[in-house]
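User: Could you take me through this model, starting with how the strands are arranged? I would then like to ask about the interior and some individual residues.

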Amino acid sequence: RLAERQGFGFAVKAALELVQTRFVCVMQHDRTFMRPFHDVLPLLKAMMADEQLKMVGLPTTTNDPSKYITQAITKLGEMKVHHPPFESLVVTSPVCPQLRFIPMIMWHDSTHFASTEYYRSFVFGRRRRLVTKGGFIEDKLGQEQGMDLRNIGWRSHANYGTFLLDDGAPAPARMVGHLDGKRYLRIAAKMALEASERARHA
C-alpha cells in the first residue's frame, strides 16, 4: 500500500519494484473475469517465443476480437495511417495455435499481460516520460502511440508491441469487465445473461 495517492500508473510503477518474474499480469481493482481463461501458460509461452508480443490485452466489451479488426482498419483510415493488409499483421504462434494476437492500435489499461522489462524500460523509461503521476497509463502513452502512428507510420507499432488476445470465443468475446456494485449478479444469473447475449449474436 502506497503512503499517498499516486494514481493507477504510478501505483503500477511502484509495484514493479517488487516484481521478480519475466512477465506481469496487471489488473485494475474494479475489473473481473467474465468467463474462464485456461490459456495463461500458452499465452506466456507465445510471448517468450515472440518478442514483438510486448503487451497482450484481454478482450473487453470495447476491445472485442470479433469486431476489432474492422474497427482498427476504420480508425487507421481516419488517422490516414497506411498499413499492410490488417489480417496479415495478426500474429499466431506454433506453441499455442489456438490463440491469435491482433495488433492493438491504442494502449488500453484493462487487464493485460506484459514483459516486465518492457514496462521498466519503455512504459516507465526515462527517455519519453510516457506516464504521468496521478493518471492512467493509457492517458499519455495512448496519445503518444496515436501520434507516432500519424507521424511515423505503421512501423511505430513495433515500439509499443500492443496486441489483443483472440482465443476464438464467439461474440460477445469479452473476457474481463467492470465490477458494478449496483448491478451485482450471482454466477448463475451472469452465465444466463452471457448465454442470452451470445444467442442474440449467433
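Analyst: The conversation below covers the sheet, the cores, the cavity and several single residues.

Analyst: This is a predicted model, in which local features need pLDDT of at least 70 and side-chain atom pairs count only at pLDDT 80 or more, while totals for chains, interfaces and linings use all residues. Residues are numbered from 1 along each chain as its sequence is written, and side-chain values use heavy atoms, with hydrogens and water left out.

User: What is the strand order in the open sheet of six strands?

Analyst: The order is S1-S6-S3-S7-S5-S4, with mixed pairing. The edge strands are S1 and S4 (91–92), each of which pairs on one side only. Helices (H or I, at least four residues) and strands (E, at least two) are DSSP runs, numbered from the N terminus. Two strands pair if DSSP finds at least two bridges between them.

User: Which strands pair with S6 in the antiparallel sense?

Analyst: Strand S1 (residues 23–26) does so over four bridges, and strand S3 (residues 55–57) over three bridges. On the S1 side, Val-24 stands opposite Ala-114. On the S3 side, Gly-57 stands opposite His-112, and Val-56 stands opposite Phe-113.

User: And the faces of S6: covered or open?

Analyst: Both faces of S6 (residues 112–115) are covered. His-112 and Ala-114 are buried on one side, and Phe-113 and Ser-115 are buried on the other. Buried means under 20% relative accessible area, exposed over 50%, and partly exposed in between (1.4 Å probe, protein chains only). In a regular strand the side chains alternate between the two faces of the sheet.

User: Turning to the interior, how many residues are in the largest nonpolar core?

Analyst: That core has 33 residues, and those with the most contacts inside it are Phe-86, Trp-107, Tyr-119, Val-123, Phe-124 and Ile-137. H1 (7–16), S1, H3 (65–78), H4 (86–89), H5 (116–123) and H6 (137–151) each supply at least two residues of this core. A second, separate core of 18 residues includes Ala-46, Val-91, Phe-163 and Val-176. A nonpolar core is a set of buried Ala, Val, Leu, Ile, Met, Phe, Trp, Tyr and Cys residues joined through side-chain atoms within 4.5 Å.

User: What does Trp-107 touch?

Analyst: Not counting residues up to four places away in sequence, the contacts of Trp-107 include Met-55, His-112, Tyr-119, Ile-137, Leu-141 and Thr-162. Contact means heavy atoms within 4.5 Å.

User: Which residues of H1 are buried, and what covers them?

Analyst: Gly-7, Phe-8, Gly-9, Val-12 and Leu-16 are buried in H1. What covers them includes S1, H5 and H6.

User: And for H2, what do the buried residues pack against?

Analyst: In H2 (residues 40–49), Pro-42, Leu-43, Leu-44, Ala-46 and Met-47 are buried. They pack against S1, S3, S5 (100–103), S6 and S7 (162–166).

User: Is Leu-53 buried or exposed?

Analyst: Leu-53 is buried, because its relative accessible area is 2%. Leu-53 lies in the loop between H2 and S3 and touches Ala-46, Met-47, Val-91, Phe-101, Gly-161 and Phe-163, not counting residues up to four places away in sequence.

User: Why does Glu-144 count as buried?

Analyst: Glu-144 counts as buried because its relative accessibility is 18%. This residue is found in H6. Glu-144 touches Arg-128, Leu-130 and Tyr-160, again not counting residues up to four places away in sequence.

User: Next topic: what lines the largest cavity?

Analyst: The lining consists of Met-55, Gly-57, Leu-58, Asn-63, Met-104, His-108, Ser-110, Thr-111 and Leu-164. The volume of this cavity is about 40 Å³. On a 1 Å grid over the protein atoms alone, a cavity is a set of points where a 1.4 Å probe fits but cannot get out, and lining residues have an atom within 4 Å of a point. Grid points are joined across faces, edges and corners, and a volume is the space filled by probe spheres set on the points.

User: Lastly, what is the backbone like at Lys-80 and Pro-172?

Analyst: Lys-80, in the loop between H3 and H4, has a positive phi of about 60° although it is not a glycine. Lys-80 counts as exposed, at 71% relative accessibility. The peptide bond from Ala-171 to Pro-172 is cis, with omega near -5°. Pro-172 is found in the loop between S7 and S8 (176–178). Most residues other than glycine have a negative phi, and most peptide bonds are trans.

Notes. On a 1 Å grid over the protein atoms alone, a cavity is a set of points where a 1.4 Å probe fits but cannot get out, and a pocket is an open set with protein on both sides within 12 Å along at least five of seven lines; lining residues have an atom within 4 Å of a point.
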